[in-house]
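Here are my notes for you, with the structure to look at first. Have a scroll through it, then read on.

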Amino acid sequence: MSDKWTSTSLPYVRPRRPKQVDAWTEESASRGGSQQLLAVAEAPPPPEVAQNLGLQDGDSAVVRQRIMRIGGEPVELVDSWYPRSVAAGTPLTETRKIQGGAPTLLANLGYLARQVTEEVGIRPATTEEASQLDIREGENVLTLLRTSHTQGGQPFEVSLMVMKGPRHIRYEIEVD
């Protein structure tokens, strides 16, 4: 497995065409990529997620927790959070894969990403993250906090990604 993985964010926030696979499956297919849904739950999100979703202290949200692998090796943990008002009664609350990925489902529900903010950081891995990513506790991980907003500015999804290195992220900007 190569020690460098390049990824671009744009496909991860756009809805897919009918019967098209999710962005991770498509992007990682040539490298033996897979993903596993670990849990779907309603819980209080971490402070930065709650803030980005505009939630009050103690409010809960729906989280979908996944682990991404390349060639069978864990490379990334992803927790995607949704306000209950967005997720209630939808497949986001079900413990199963969503055809075309969450952006496709969300767009069909009227939540199309028009502004996306990404915050990138580096920090030591927690004990749990180190175990799941098969790295040493305290080894640095790359974090990416992605918040998707509607045209009107309503946040509807916050994804917190924890990636083991080395990793290279490329940003693309489309100008209309």
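**Notes on the core and one ring pair**

1. Let's start with Phe156: skipping its neighbours within four places in sequence, this residue is in contact (heavy atoms within 4.5 Å) with Leu53, Trp81, Tyr82, Pro83, Val86, Leu106, Tyr111, Leu112, Ala113, Ser148, His149 and Thr150.

2. Before going further: this is a predicted model, where local features need pLDDT of at least 70 and side-chain atom pairs pLDDT 80 or more, while totals for chains, interfaces and linings use all residues. Residues count from 1 along each chain as its sequence is written, and side-chain values use heavy atoms, leaving out hydrogens and water.

3. Is Phe156 buried or exposed? Phe156 is buried because its relative accessibility is 2% (buried is under 20% relative accessible area, exposed over 50%, partly exposed in between, with a 1.4 Å probe and protein chains only).

4. The largest nonpolar core (buried Ala, Val, Leu, Ile, Met, Phe, Trp, Tyr and Cys joined through side-chain atoms within 4.5 Å) has 14 residues, and Tyr82, Leu92, Leu106 and Phe156 touch the most other members. A second, separate core has 10 residues, including Ala50 and Trp81.

5. Now the rings: the whole structure has 1 aromatic pair. Tyr111 and Phe156 make that pair, tilted, at 5.6 Å centre to centre with 40° between the planes (centres must lie within 6.5 Å, using the six-membered ring for Trp; planes under 30 degrees apart are stacked, over 60 edge-to-face, the rest tilted). Tyr111 counts as buried too, because its relative accessible area is 17%.
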